[in-house]
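User: Hi! I have a structure open and could use some help reading it. Can we go through it together?

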Amino acid sequence: MEKYLNQLNEAQLAPTLQKDGPMIIIAGAGSGKTRVLTIRIAYLMHQGVDPFNILALTFTNKAAREMKTRISDIVGNSEAKNLWMGTFHSVFAKILRYEADRLGYPSNFTIYDTQDSDRLIASIIKEMNLDKDVYKYKQIRSRISSYKNSLITVKAYFNNPELMEADAAARRPQMGNIYKNYVERCFKAGAMDFDDLLLKTNELLTRFPNVLAKYQDRFRYILVDEYQDTNHSQYLIVRALSDRFQNICVVGDDAQSIYAFRGANINNILNFQRDYDGVAVYRLEQNYRSTKNIVNAANSVIDKNQNKLEKVVWTANDEGQKIKVNRLMTDGDEGRYIASTIFETKMNEQLHNSDFAVLYRTNAQSRAIEDALRKRDIPYRIYGGLSFYQRKEIKDVLSYLRLILNPADEEALKRVINFPARGIGQTTVDRLIVTANAEDKTIFEVIQNISNLDININRGTQGKLQDFATMIESFQVMNTNANAFELAEHVVKVTGLIREFNKDGTPEGVAKMENIEELLNGIKDFVEGQREIVDSTASLSEFLEDVALATDLDADKGDPDHVALMTIHLAKGLEFSHVFIVGMEEDLFPSAMSMNTRSELEEERRLFYVALTRAEKQAYLTHTLSRYRWGKLIDAEPSRFIEEIDEQFLDIITPMEERRFNPMLDASIFGDIEPNKVRFAKPKTAPTRQKKERKAPEKFQISSPKKMKPVSKTSGGGNLFDSKLVAGNVVNHQRFGRGEVLKIEGKGQDLKAEIAFEKGGTKKLLLRFAKLEVI
Ligand code: ATP
Ligand code: MG
C-alpha cells in the first residue's frame with residue numbers, strides 16, 4: 001500500500017488519508033481527482049473497511065471497471081470484486097431488482113432504453129389522435145425525462161399549475177396526459193426507463209424507512225466521481241444514503257459541468273458545504289496530464305467565465321508544442337487533414353492509433369472524418385453512435401429474450417410479434433392494444449385469452465397469435481433449465497430469425513448475421529464468465545440488465561488500437577496523447593442553440609475546456625470556411641473560442657493559399673509542417689503519390705487537375721533517402737538519438753526504415769518525415 005500512497009503528491013495524500021467524515025475535492029482537469037478516489041478506496045480497504053460497505057459511483061461503466069482493475073492490483077481481486085462500483089444507473093438497477101416487489105414491479109422488470117421510450121411515446125401520441133408535428137416524440141421524451149429527474153411525478157405535475165400553463169403555452173396542453181399514459185403503460189409493461197431507475201430509487205428510499213436504513217448501513221463509505229454533473233434525483237439519493245454515517249467523499253470540477261441540458265445541477269457541487277456539517281474541502285492544483293502549453297491555454301479560456309470557483313491549475317510537465325490551429329476549405333478537407341496528420345505523426349513519433357482522439361460537438365460531424373480515415377486505412381471507432389445493442393437485428397433477438405423473462409414487456413412484444421413475418425398485421429396489433437387498455441391486461445395476456453374475449457380478429461389470425469404465445473411459453477419453460485446461451489441459440493433458430501437474415505444474401509444481410517453471431521458469442525462469454533463466480537445464477541436477466549445499461553464506451557469490440565471518435569460530452573474524464581477538436585466554428589461550437597444566454601454560452605465554454613484538457617501532448621483545432629449543414633453549404637466563421645485562447649499558446653497555420661487540402665500535392669501544404677522543416681520530403685519534381693491515394697474518387701482528383709502529374713511507379717520521387725540510406729548505416733535522430741538502420745522497406749513516399757536506437761529501442765520511421773542525419 002505504501003508504494004501506492006507514494007504515487008500521490010502531498011495535496012492528494014491529505015484527502016486519501018482522511019478516513020471519515022464528509023469531504024469534497026474541487027480541482028481542475030487532470031489534477032488526479034480520479035486517481036485520489038481510486039487509491040482512497042484501496043486505502044479504506046487497507047484500513048479494514050469491508051468492501052461490501054463501500055459504494056463508488058462513476059460517470060461511465062468503463063470508468064468503474066478501470067477503477068476496479070486498479071484497486072484489484074493494489075488489494076487483490078478477491079476483495080475488490082465485492083466493491084459496489086458503477087454508474088448510478090447500474091448500481092441502483094441492481095438494488096431495485098432486489099426491492100422491486102415493494103414498488104409493485106416484477107423483479108425481472110425490463111429496462112426500456114431511449115428507443116423503447118420513443119416508440120412507446122410515439123404510439124401513445126398516435127392512440128390519442130394528437131398531431132405528431134406538434135407533439136414531437138423526442139421532445140416529449142426529453143420533457144418527461146426532465147420531470148422525472150426533478151422528481152416531478154404525474155401527480156406533482158397535475159398539482160402544479162405553472163407547469164401545466166407552460167405546456168399549454170407551448171401548444172401542448174395534452175403533455176400531462178401523455179406523461180400519465182406513458183407512466184401507466186411502462187408500469188403495466190413491468191418496465192422502467194433510465195430515469196425511473198433514479199426516480200424509483202428515490203421513491204423506495206423515501207417510502208420505506210427500513211429499506212433506507214438497510215442501505216445506509218450497507219453503504220458506510222460513499223464516493224462520487226464527476227460530482228459536478230449529478231442531477232437532482234442523483235443528488236437526493238446520495239444525500240439520503242450518506243445521511244447516517246456522513247462518510248461521503250465527492251470529487252469534481254465546476255469548470256467541467258457540461259450536462260445542464262440533461263438536468264445536471266452545478267449547485268450540487270457549489271452547495272455541498274451547506275449540506276453536511278464539518279465538510280473538509282481539498283484542492284488539487286498540479287496537473288499531471290498535459291503540457292504547460294495546454295494547461296495554460298485551457299486556463300486562459302475558462303478565465304472568461306464569470307460564474308466559476310477560482311482555481312489554480314499548473315503543471316511541472318514540459319512546455320510542449322503549441323496548439324495547432326488549422327483552417328480548411330470544407331469538412332472533407334478537414335477530414336483529410338486529420339487523417340494525413342494522424343498517419344504522419346504516428347509514423348514520425350512512433351505512436352499508436354489509440355493515442356489519437358477526434359472530438360466534435362455533434363455526432364453528425366463524424367461522417368467526413370470517418371470517410372477520410374477509411375481511405376487511409378486508419379482503424380477508428382465511433383463512440384456514442386448507435387450502440388451495438390441498438391442495431392435492429394440485435395434488438396430483435398434481445399426483444400425475444402426480454403419477452404421470455406417479462407411477457408408484459410409491450411415494446412419487445414410489438415417488435416417481434418410479426419418479425420419474422422407470421423401474418424399478424426398492424427391492424428391486429430392495434431386492436432390488441434385497444435383491448436389490452438380497455439381490459440387492463442397486458443397484450444400478452446390478451447393473446448393468451450383471445451378465444452374468451454370479444455375482439456374483432458378473425459379465427460385464422462387468432463390461431464397465429466396463439467401459436468406465437470405458445471412459442472414464447474415454450475421458451476419460458478426452457479429458460480428454467482438451460483443457460484442464457486443455449487436459450488438464445490435455440491431462440492434464433494426456432495423463431496426463424498437466422499433464416500430471415502440469411503435469406504437475402506446481400507452484404508447487409510451477411511453483416512446482420514455476423515452481428516447476431518457476435519451477440520451469441522457475447523452471451524456465451526457472459527455465461528462462462530459468470531460460472532467462475534460461486535452462487536451466480538448466470539441468468540438471462542443479468543445479461544439483459546448489463547446490455548440495457550451498456551453505454552457505448554463499454555463495448556470495446558474489435559481492434560483495440562483504433563483512433564477514438566466521439567463527442568466532447570462523452571470524452572469527459574478520458575485522456576489521449578493527441579487530440580483534434582474539430583468544427584471550431586461559430587454556430588457549431590459554440591452551438592447556435594446555446595448562445596442566447598450567458599449561462600448557456602458559459603456551458604459551451606466549459607465544454608471547450610473539457611475538450612482541450614483531454615490532450616496530454618498535442619491539441620489541434622480545426623475550422624473550415626464552409627460546411628454542409630442542414631443540407632446546405634454555408635459559410636463558416638472561426639469560433640470565438642479560438643480567439644479566447646491566449647495567442648502565445650497557439651500556432652496558427654495560415655495556409656499559403658486557400659485551397660483544397662490535398663495530401664497528394666506537395667508536402668508543404670500539410671498545414672502543420674512548415675515548409676522549412678520538411679527536410680527530406682520537399683519534392684523537387686512531381687511528388688509520388690501513395691498507392692492508396694490512386695484509388696481516390698474521381699471528384700477528388702479533379703479538384704486540382706493541374707498538379708496531377710503521372711505517377712512514377714519506380715522511383716521514390718524526391719526522397720533523398722531513396723538510394724542513400726541502407727541497412728547498417730548509423731544515423732542520428734533529433735529525438736531518439738543515435739541508432740543503426742536494420743532494414744529499409746516500402747517504396748516512394750511509403751519508404752520506411754527500421755532503426756535500432758541506442759536509447760529508444762527499435763522503431764520504424766517514415767523516411768519522408770524522419771529527421772535523420774547519416775553519421
Ligand atoms: P479530469 O478532471 O479530467 O477527470 P482528474 O482530475 O480526474 O481529471 P486523473 O485522471 O486522476 O485526473 O489524473 C490525470 C492523469 O495524471 C492520469 O494519467 C493520472 O494517472 C496522472 N496522475 C495523477 N496524479 C499523479 C501523480 N501524483 N503523479 C503522477 N501522475 C499522476
Ligand atoms: Mg477524473
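Analyst: Happy to help; we can talk about the ligand, a strand and a sheet, keeping in mind that this is a predicted model.

User: Great! How many residues surround ligand 1, and which are the closest?

Analyst: Ligand 1 is surrounded by 19 residues, and the closest are G32, K33, T34, R35 and Y288.

User: Which helix gives the largest share of that shell?

Analyst: That's helix α3, residues 33-46, which contributes 3 residues to the shell around ligand 1.

User: And how many in the shell are nonpolar, polar or charged?

Analyst: The shell has 10 polar residues, 5 charged ones and 4 nonpolar ones.

User: New topic: strand β1. Why is it described as largely enclosed?

Analyst: In β1, residues 23-27, 5 of the 5 residues are buried, so the rest of the structure largely encloses this strand. On one side you'll find M23, I25 and A27, on the other I24 and I26, and all are buried.

User: Which strands does β1 pair with?

Analyst: β1 pairs in the parallel sense with β8 (residues 280-284) over 5 bridges, and also in the parallel sense with β7 (residues 248-252) over 4 bridges. For instance, M23 stands opposite A280 in β8, while I25 stands opposite V251 in β7.

User: Cool. What about the open sheet with 5 strands, what's the order?

Analyst: The order is β23-β22-β21-β20-β24, with antiparallel pairing. β23 (761-766) and β24 (772-774) are the edge strands, each pairing on one side only.

User: How many bridges join β20 to β21?

Analyst: There are 4 bridges between β20 (residues 730-733) and β21 (residues 737-745), which run antiparallel. H733 has G737 in β21 as its bridge partner.

Definitions and conventions. Residues numbered from 1 in each chain as written. Chains lettered and ligands numbered in written order. Predicted model: local features only at pLDDT ≥ 70, side-chain atom pairs only at ≥ 80, totals over all residues. Near = placed C-beta within 6 Å. Helix = DSSP H or I, 4+ residues; strand = E, 2+ residues; numbered from the N terminus. Nonpolar A, V, L, I, M, F, W, Y, C, P; charged D, E, K, R; others polar. Pairing = 2+ DSSP bridges. Buried ≥ 20, exposed ≤ 12 C-beta atoms within 10 Å, placed from the backbone.
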